[in-house]
Every structure is written in C-alpha cells, then in structure tokens.
There are 2 protein chains.
Amino acid sequence: MIKSKEDIVQEFRVQSIQEAAIRVISRKGMASATMQEIAEEAGVAKGTIYLYFRDREELVEKTFETAIGELHKQVDAALESEGSFEQRLRAMTMAKLAFFNQNREFFRLYHTLKMPEGSASQQRRQKRNCQPQFQARVERLAGALKAAMDAGEVRPLDPKRLALILIETSTAIVLERLNEETPPPESDDVELIVSTLLSGIAIPK
Amino acid sequence: MIKSKEDIVQEFRVQSIQEAAIRVISRKGMASATMQEIAEEAGVAKGTIYLYFRDREELVEKTFETAIGELHKQVDAALESEGSFEQRLRAMTMAKLAFFNQNREFFRLYHTLKMPEGSASQQRRQKRNCQPQFQARVERLAGALKAAMDAGEVRPLDPKRLALILIETSTAIVLERLNEETPPPESDDVELIVSTLLSGIAIPK
DNA sequence: TCCTCGACTGACCGCGCGTTCAGCGCGGTG
DNA sequence: CACCGCGCTGAACGCGCGGTCAGTCGAGGA
C-alpha cells in the first residue's frame, strides 16, 4: 500500500502541528500553551488543528506519545545492548543526556506530564495514558537490575526502588545542565553519575 | 507588644486560607486550583481572600513560603546536627521522608513550583521567589559535602552535582511512597537511600 | 435603644480560553 | 470556461476564571 498524496499532506500537517505543540508547551508550560499560539507556531489557523485532533486533550496526548517514543527507543536500545551492566548503564545515561541536549525544550513537557494537572477527569486520563509509559521504563530498568543482581554484578536490593533512583539521578543532572550556560562535556557528567551510582560517594575506611 | 484581638483574628484567617490553598493546590494542581474552591475549602467567601492577599499570585507565594519553611527548618536542623556525615545524611533523609509522610498533599505543590508555569512574567516572578529557596537548599548541602570531602569522609567530586543527586534520590523515593498503598517503614527506605548513596550499587570485584 | 463602623459577602464584570461553523478560494473535472 | 468539492480559515460563541464593590449584619460604644 503506497501513500496517496492526501496521506502525505495529512502526515505533514499532523507532524507540523505536533512539533509546534512541543515547542509552545516547552516554552510556556502545559497550562498556558494556547491553541492559538500552537496554531501560529505551526503556521495554520486555529480551526485547522481541529481537523486533525478531536480536541486539545487529544493533541497533547498524541504529541507526547510521539515525542517520548523517540527517547524511550534510544534508552531501551542502550539498555538492551551487549556488555556488562556497567557498560549498559553508561550507554543508557549517555543516551538520555544526549537526547535532552538535542531536545532541550522537550524537557519541560516531559516533566509536566509526570505530575498531572487539571480537573479530576483530565488527571485520570493523563494518568492512564502517561503513567504506563513511565511505569514501563521503570520496570524495564528494574528487570535489567534484577538480572544484574542474579549475575552477581549488583548488590541485592529492591530493584524497583533502585530503578527509580537511577532514573532520577540522571534527571537531576539533566535539569542542572539545562540551567547552566556552558555545561561540562556530557561524558564528564555521565562518568560522575555512573561512578556515584556504582561505587557510592563514601571513602571506605 | 501583645497581640490585640484583631491581630489574632487576622492571623487565624490568614492561616485558614493558606491551609485551604495548600489542600486545594495539592489536590487539583497549581493551574486548576480556583479562588472559588480555595474560599469554599477555607469556609469564607471569595472576596474575603482579597482582604488578606492582594491577588492570587501573592496568596500562592506567601503560602508556599510558609509551608516550605517548615520542611527546610527540619532538614537544615538534621544537616547541622552533630555526628559523622553518614549520621547527618541519615537524619536528613529521615526528616524529609517523615515530613512528606505527614504532609502527603503538600508534595505536589512542592513539585509544581520547581517547574514554573504561566505567562513569562509569572514565570519570572515565580523563579525569583522560589528558585532561591531550592538553590539555598542545594548550596547548604553542597557546603556540607565539601566539608565532608575535606575531612576525608567523602570522595572528592563536584559538590553541587552531588548535592542535586542526594536531594533527587530521596525525592524519587518519596514520590514512590506516595503512590504506594502501604509503603514500607520509613527506616527501610532511609537505609536503602543512605546505603546506595554511600556505597553504591555495585558488588566490588 | 439606636447608631456607627468595618469585616465579610457574593452577584457581577471583563477577559481570554477552547471550540465551532459558515464561508472562502483553489485545484481538479467535464 | 463553469462548476464542484474540500481543505482551510478566523470571527464569533459560551464558559469559567480572577478580580471588584455595593450591600449586609452584628458587635460595641454613646
């Protein structure tokens, strides 16, 4: 089945609008990003958006799914690559830092979705759609940690909690890097994170 | 100078409204917490709020300052107590977990303020008022880490980045605990955090 | 008892948002 | 060339918000 002209146009419009949505939401935050501004950013009229998305909610939801897919694809590839757990942890951290370095504006959207806002029904919907994505990430990492524990590479601790700690540690550094004028080379921060996580901060007595 | 009756009433009103604001913002999120609902929660009319706070912005700002003050007071006390760095780290983590366990609803407000929303001017204002508080926390901890490094208790690494990692690690666990029906005892999680941070997750070869 | 004062109220206002839809213009067709 | 269909437009609508202010009412003084 080859793509018809209409399909190509449709795909292009959807993509333009989603990219505009990411830019505006990243700039203004989820709550203050208006349909008007997203439309202007995409170079279409406000009404046009409603030809491709039922309402604001669907636009945000689909946009987020598309955008986060790219990040998770890269991180999962690193997690499932060959090598010791240390090597994979390093690759994963590198992938995350590199992604947010190239998509600095996406970070705010990513963060906003973790803490749902809005009416109760909006919150429930956002939770149903987004939490599984975060949850899935945590559980993949937890699985990898469990395997590393069984292989004797990692101390036997609660895998889920460790996964959360690993993820949030790199998130903290990404956030700091975004606030810095000239962040240090990515590899420096990757080393700091990996070294801290693996060996801890204490000097053994 | 003793308090007059009017002062007592005034203080009571301000406190009621602020407590209501915390509850509503925690429930609905910063963006969807309306003045109407805050007024209802406080048991006053909407107009009454404007007798004690200039506008919505000032209410949120003052409320946050009051609320976060309590948390930071407790954490700083733990940080400045006597003992080894490990003991103080343990005390600090314990204080944080205990605080959010007793003020579960406050956590969302705390998180929302980290990532400012709203118009550009609102964002700037929120940044000027709230970032210093977070910044101060990071720098206090960074100072303590530096001292511990000089004392040979901690490996010589970038203190500021380490401080961020320590803070976010416990934040990650707090968030998970809030989502859990029956979280494990606080002390278990404190031990996990402290142990992971100090010794790392790897099994030395 | 009546008057005064000011804390408190809540209907009301203007604004800005998401959403709609009547109409416009353009590429394709006979 | 006349006609049609359809993707697109943006003025207009309703709604719900933050903020206002004329009016209410009960405590306290004369």
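Two residues are taken to be in contact if their C-beta atoms, placed from the backbone, lie within 7 Å. The model on display is predicted, and the tour begins where its two protein chains meet.

Select chains A and B together. By that criterion, the contact draws 35 residues from chain A and 35 residues from chain B. On chain A, colour helix H6 (106-114), helix H8 (159-179) and helix H9 (186-199): each supplies at least two residues of the side that touches chain B. The most is given by H8(A), with 10 residues. Colouring by residue class next shows 15 nonpolar, 12 polar and eight charged residues on this side of chain A.

Turn now to the symmetry. A turn of 180 degrees, with a shift of 0.0 Å along the axis, lays chain A on chain B with an RMSD of 0.1 Å. This is therefore the relation of a two-fold axis. To locate the axis from chain A, centre the view on Gly200(A), whose C-alpha is the nearest to it in that chain, at 1.8 Å. The copies meet through the same surface, because 100% of the interface residues of chain A are also interface residues in chain B.

Finally, select DNA strand D and the 16 residues that surround it. The closest are Ala45(A), Gly47(A), Thr48(A), Asp55(B) and Arg56(B). In chain A, helix H1 (5-28) and helix H3 (46-52) each give two or more residues to the surface near this strand, as do helix H2 (35-42) and helix H3 (46-52) in chain B. H3(A) gives the most, with four residues. By class, the surface near DNA strand D comprises six nonpolar, five polar and five charged residues.

Methods: Residues are numbered from 1 along each chain as its sequence is written. Chains are lettered from A and ligands numbered from 1 in the order in which they are written. This is a predicted model: local features need pLDDT of at least 70, side-chain atom pairs count only at pLDDT 80 or more; totals for chains, interfaces and linings use all residues. Ala, Val, Leu, Ile, Met, Phe, Trp, Tyr, Cys and Pro count as nonpolar, Asp, Glu, Lys and Arg as charged, and the others, Gly among them, as polar. Copies are superposed by least squares on the C-alpha atoms of residues with pLDDT of at least 70 in both. A residue is near a molecule or strand if its C-beta atom, placed from the backbone, lies within 6 Å of it.
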